[in-house]
Structures are given as C-alpha cells and as structure tokens.
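Work through the exercises below with the sequence and the coordinates open. Each task is followed by a solution in steps.

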Amino acid sequence: MSQTIATAPGKIILFGEHAVVYNRPAIAAPVTQLRATARIEDMREPGVRLCAPDLNREYWLADARDDDPFARAVLALAQTAGLTEWPALKITVSSSIPMASGLGSGAAMAAAVIRALAFHLGLDNLAADEAVADLTYQVEKLLHGTPSGIDNTVVAYEKPVYFIRQRPKNQIETLKVARPCHLLMADTGIYSITKDVVGDVRRQWQSDTERFERIFDNCGRAAESARQSMELGEIDRLGKLMTQNQRYLEEMTVSSPELERLVEAAQTAGALGAKLSGAGRGGNMIALVREDREELVRLALLRAGAQDVFKSVLT
Ligand code: MEV
C-alpha cells in the first residue's frame, strides 16, 4: 500500500487584483507557511474515497456534486490523463489556509490534489508546475467564472510572479526580490466570495467602462513600478505603491470599513504601505513593514480588530 503526499501554499496578491482580470499586470506571492496538503493512499475496497476531515466530510467521488471543488480537481486530472478506470484510492485533504479570505485556499487545495494524484499515478508530466497551474485553472474556472489565472499560477509555481493574462498564453515571469520584504497579513474575519466581488466589478465596469479602464490602467502602472522596486530593493517606494493601489481598490468599491481600519492602523504604527489583498470586501489585508517595526504594527492590527495576523517574508 503506497501513499503520496503533495502540498501547495496560500497566496497573496501584492499588486493588481481585479485589474488583472482585465489584462493589466499584477504581482502575487506564495505564503509558504500556510499550506494545503493532499494525501493519496491505495485502498482495497474499489472506488475513490474523498476525505476532508477539516470539514468533517467523507464521500465517494461517484456521489460528489457537480460543483464540488475537491471532486473537480480529481476529475480535471483524470480527464487530461484520459483515465477511464480508477484504481481504488483514498484522497485526504487538509489545509491551514483560512477559507474565503483572499489567501487562495481553493486554488491551493486543487493544486495539492492534482500534484499528489499525478505523482501517485506515475503521470510525472502532469505534476510539473505549468501542468498543475493549467489544471488548477480549469477547476477555478468551473467554480469562479472568470478567474484571471494568477491564483493558480502562484500556488503551482510557489514563487513571486509578475503576471499578465493574455491569449494564447499568459505572460508569467518569476520575480527576483533584491531585499527581503517583511509582510504582515491581517484577517478581517469577514468571508468574501471572490466570484461575487469579481462579478460586481464587472457590472460596474460595464456601466462605467471609461472610468474603470482608467482605474485598471493605474493599477497596472503601479504593478509595473512595483516590479522594478522589488528588483532594485526599493522598499520605501514599494510601500507607497501598495497604499496607492489600495486607493484604486477603494475607487472600485471592493474595500470595506474593516479593511480600511486595518490599513489605517498599520500605517499609523509605521508600516511602509498597506492594502487589501485578493478580491476584497473582507478577507485579508497586507502591510509592508521594516523588521524593527513588525511587532508594533502587529499589535496595532490586532487592536484595530484583526482576527489573526500572520507574518510572511518575501525573498
Ligand atoms: C483573487 O485572488 C484575485 C482577483 O483578481 C480575481 C482573479 O484574478 O481571478 C480578484
């Protein structure tokens, strides 16, 4: 009885969320200490058993609903591999990534399942970063409508990426960070459904296209400048660009009073910059800090209502 384990990290969007759906550049990074894990074990009993102990769920693949993300990840791999008959398997997922909080929990779960299954079945070509990103995108598309492709890319590559959505192939460049960037991620504790927020931005863009195109252009320019700043190690400038990006997100109406309270608190406590991260209207915000200010900013975020604060260092 063999077993195979694979994991995938959470993610933060540093620059360009929402605008990236409209083909503007964006930057995202993995959060390596928060991870989804998939374990595959051979079984005696025939069938594919899906287990999600964190959610108290266990069921057969054959009984899964069409919109079940766990089953969609398994089926995406099976379809691409042309699998018609399943070996008897038990697939268990668990995750330390908070759900519906902008940290890519869904994409990470799918990527971990796809990679673990590919390895377990000896389909090593489907365990490569690009293949895992593509298959995870298929799952995201089924569940989220119009994902840009940045979330599945960063969780599969596990590196900071500069990303532009384009056809026939997205532009994906892994980024070199000249100086470590110390980030704090603070959770508002408010669930946010990416699909709903992305849909709402689309409706606003449809009714006021010129204004939204201008906002998206500004986000794209901020992402381009941020890329230079990261590569040159200009941390102060990077912080300013983050706060600028937060203003553009406020103009898109995807911020919220809770997020803004945290952004404000981080800045007052000495953060170099702060913004919401991900779809917005809840979920997480991120603050760029100097190492010697980290604890002060962390405490300020907790006082301002953060449910949890995680540290992450981009290198
Ligand atoms: C979600 O992490 C990022 C969004 O830009 C949606 C997407 O890119 O698919 C809001």
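## Exercise 1: V161

V161 is buried, with a relative accessible area of 0%. The model is a predicted one.

Task. Decide in which element V161 lies, and list its contacts beyond four places in sequence.

Solution.
- Step 1. V161 belongs to strand β6, which covers residues 161-164.
- Step 2. With neighbours up to four places away left aside, V161 contacts A26, I27 and A28, then T153 and V154, and finally I172, E173, T174 and L175.
- Step 3. For a distance check, take I150: 11 residues separate V161 and I150 along the chain, and their C-alpha atoms are 8.4 Å apart.

## Exercise 2: two asparagines

Task. Classify N152 as buried or exposed, and do the same for N125. Then find the backbone oxygens that lie by the side chain of N152.

Solution.
- Step 1. N152 is in helix α4, residues 150-157, while N125 is in the loop that runs between α2 (105-120) and α3.
- Step 2. The relative accessibility of N152 is 4%; buried means under 20%, so N152 is buried.
- Step 3. The relative accessible area of N125 is 58%; exposed means over 50%, so N125 is exposed.
- Step 4. A polar atom of the N152 side chain lies 3.0 Å from the backbone oxygen of A133. For the backbone oxygen of G149 the corresponding distance is 3.4 Å.
- Step 5. Outside the window of four places in sequence, N152 touches A107, A133, T136 and Y137.
- Step 6. For N125, a distance to R115 can be given: the two are 10 residues apart in sequence, with 10.0 Å between their C-alpha atoms.

## Exercise 3: salt bridges across the sequence

Task. How many salt bridges does a search of the whole structure find? For R35 with E158, D129 with R115 and D200 with R281, state the N to O distance and the elements that are tied together.

Solution.
- Step 1. Side chains of opposite charge can pair when their charged atoms come close.
- Step 2. The search over the whole structure gives 21 salt bridges.
- Step 3. In the bridge of R35 with E158, the closest N and O atoms are 2.8 Å apart. R35 is in strand β2 and E158 is in the loop between α4 and β6, so this pair links parts 123 residues apart in sequence. E158 is partly exposed, at 30% relative accessibility.
- Step 4. In the bridge of D129 with R115, the closest N and O atoms are 2.6 Å apart. The pair ties helix α3, where D129 lies, to helix α2, where R115 lies, and these parts are 14 residues apart in sequence. D129 is partly exposed at 29%, whereas R115 is buried at 12%.
- Step 5. In the bridge of D200 with R281, the closest N and O atoms are 2.7 Å apart. D200 sits in helix α5 (residues 194-207) and R281 in the loop between β9 (273-277) and β10 (284-289), so the parts joined are 81 residues apart in sequence. R281 has a relative accessible area of 30% and is partly exposed.
- Step 6. R24, E213 and D217 form one network through salt bridges that share partners.

## Exercise 4: the domain interface

Task. Describe the interface of domain 1 and domain 2 by area, by polar pairs and by the elements that supply its domain 1 side.

Solution.
- Step 1. Domain 1 spans 3-174 and domain 2 spans 181-314. Their C-alpha centres are 25 Å apart.
- Step 2. In contact are 31 residues of domain 1 and 42 residues of domain 2.
- Step 3. The two domains bury about 3000 Å² between them, and carbon and sulfur atoms give 64% of this. Of the area that domain 1 buries against domain 2, F15, H18 and Y22 supply 25%, more than any other three residues.
- Step 4. The rule finds 4 salt bridges across the interface. R24 and D217 form a salt bridge through their side chains, at 3.0 Å from N to O.
- Step 5. Polar contacts across the interface involve 13 residue pairs. On the side of domain 1 that touches domain 2, β1 (3-15), β2 (26-42) and α3 (129-144) each supply at least two residues. The largest share, 7 residues, comes from β2.
- Step 6. By class, that side of domain 1 has 21 nonpolar, 7 polar and 3 charged residues.

Notes
Residues are numbered from 1 along each chain as its sequence is written. This is a predicted model: local features need pLDDT of at least 70, side-chain atom pairs count only at pLDDT 80 or more; totals for chains, interfaces and linings use all residues. Side-chain values use heavy atoms; hydrogens and water are left out. Domain bounds come from an automatic or database domain assignment. Contact means heavy atoms within 4.5 Å. Buried area is the accessible area (1.4 Å probe) that two parts lose on being put together, summed over both. A polar contact is a pair of N or O atoms within 3.5 Å; within protein, one must be able to donate a hydrogen and the other to accept it, and residues adjacent in sequence count only if both atoms are side-chain atoms. Helices (H or I, at least four residues) and strands (E, at least two) are DSSP runs, numbered from the N terminus. Ala, Val, Leu, Ile, Met, Phe, Trp, Tyr, Cys and Pro count as nonpolar, Asp, Glu, Lys and Arg as charged, and the others, Gly among them, as polar. Buried means under 20% relative accessible area, exposed over 50%, partly exposed in between (1.4 Å probe, protein chains only).
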